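Got your viewer open? Load the model and keep the selection box handy, and we'll walk through it stop by stop.

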Amino acid sequence: MNQRARIAMSDDDVTAFLEAASKLQLATINRDGTPHLVTMFYGLSEGRIAFWTYAKSQKARNLARDPRVTCLVETGDAYDELRGVLVYGRAERLDDRDRVMDVGMMVARRTTPGVPDELLRPYVEKTGLKRVAYVVERTKVVSWDHRRLA
């Protein structure tokens, strides 16, 4: 078995890894073709990465032109601790206010564990007025778990 196959995560491992994390590196494509890379908090909607952003943000403008994205979720400091999931896909914009609020609540819950919804909702409702949300339809997933090398 080659090393790449040894370190690849199973589908269940990928799901568990994405469920445990809360932020990712999101790459979109600028008008000039260069990557635009930002850190985003995210949630999972039916297993798909979901995030929200201000409607006038650079990433939203980029996604309006070209919906292709790359999402990286990773952890580990030493080489033998490195784990990650790289999701290639297309970001589907959600304009429906209820769906935007759902994604906002999903993200808020993951970034502030234990805070009751009734305290999160006013923040999500206020900031959500200027936001749009996206879900990522996966086209390819690459994963690695270097702990399997030991």
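Which residue in β7 does Y88 stand opposite? Select Y88 and look across to β7: the residue facing it is K140. Keep in mind as you click around that this is a predicted model.

**Zoom out**

Show the whole protein chain as a cartoon. You should find five helices and seven strands, and from the N terminus on they come in the order α-α-β-β-β-β-α-β-β-α-α-β. The radius of gyration is 16 Å, close to the 15 Å that the globule rule gives for 150 residues, so the chain is as compact as a globular protein of that length. If you draw a box around the C-alpha atoms along the principal axes, it comes out at roughly 50 × 40 × 25 Å.

Now switch on a surface. The protein chain exposes about 8,700 Å², and carbon and sulfur atoms supply 51% of that. As for the inside, 40% of the 150 residues count as buried. How much of the contact map is long-range? Taking contacts between residues at least 6 apart in sequence, 70% join residues at least 24 apart.

**The strands**

Select β5 (residues 68–75) along with β6 (83–94). These two run antiparallel and are joined by eight bridges; for a landmark, pick V69, which stands opposite G89 in β6. Add β7 (131–145) to the selection. Twelve bridges join β6 to β7, again antiparallel, and besides the Y88 and K140 pairing you met at the start, you can find R93 opposite Y134.

Next bring in β4 (48–54). It pairs with β7 in the antiparallel sense over five bridges. Which residue of β7 is the bridge partner of F51? It's Y134, the residue that also stands opposite R93.

**The aromatic pair**

Stay on F51 and Y134 and show their side chains. A search of the whole structure finds one aromatic pair, and this is the one: the rings of F51 and Y134 are stacked, 5.3 Å centre to centre with 25° between the planes. The pair links distant parts of the chain, with F51 in β4 and Y134 in β7, 83 residues apart. Are the two buried or exposed? Both F51 and Y134 are buried.

**Helix α4**

Select residues 97–111, which make up α4. Try a quick ruler check: at 1.5 Å a residue, these 15 residues should span 21 Å, and the end C-alpha atoms are indeed 21 Å apart, so the two agree. Now colour the buried positions: V100, M101, V103, G104, M105, M106, V107 and A108. What do they pack against? Expand the selection by contacts and you'll pick up β2 (35–41), β3 (43–45), β4, β6, α5 (117–128) and β7.

**Last stop: H146**

Finish at H146, in the segment after β7. Its relative accessible area is 9%, under the 20% cut-off, which means H146 is buried. Leaving out residues up to four places away in sequence, H146 touches I7, Y79, D80 and L82. For a sense of scale, draw a distance from H146 to D98: they are 48 residues apart in sequence, and their C-alpha atoms are 40 Å apart in space.

Methods:
Residues numbered from 1 in each chain as written. Predicted model: local features only at pLDDT ≥ 70, side-chain atom pairs only at ≥ 80, totals over all residues. Heavy atoms only, no water. Helix = DSSP H or I, 4+ residues; strand = E, 2+ residues; numbered from the N terminus. Buried < 20%, exposed > 50% of the residue type's maximum accessible area, 1.4 Å probe, protein only. Contact = heavy atoms within 4.5 Å. Expected span 1.5 Å × (residues − 1). Pairing = 2+ DSSP bridges. Rg over C-alpha atoms; globule rule 2.2 N^0.38 Å. Areas by Shrake-Rupley, 256 points an atom, 1.4 Å probe, with all protein chains shown as cover. Phe/Tyr/Trp six-rings, centres within 6.5 Å; stacked < 30°, edge-to-face > 60°.
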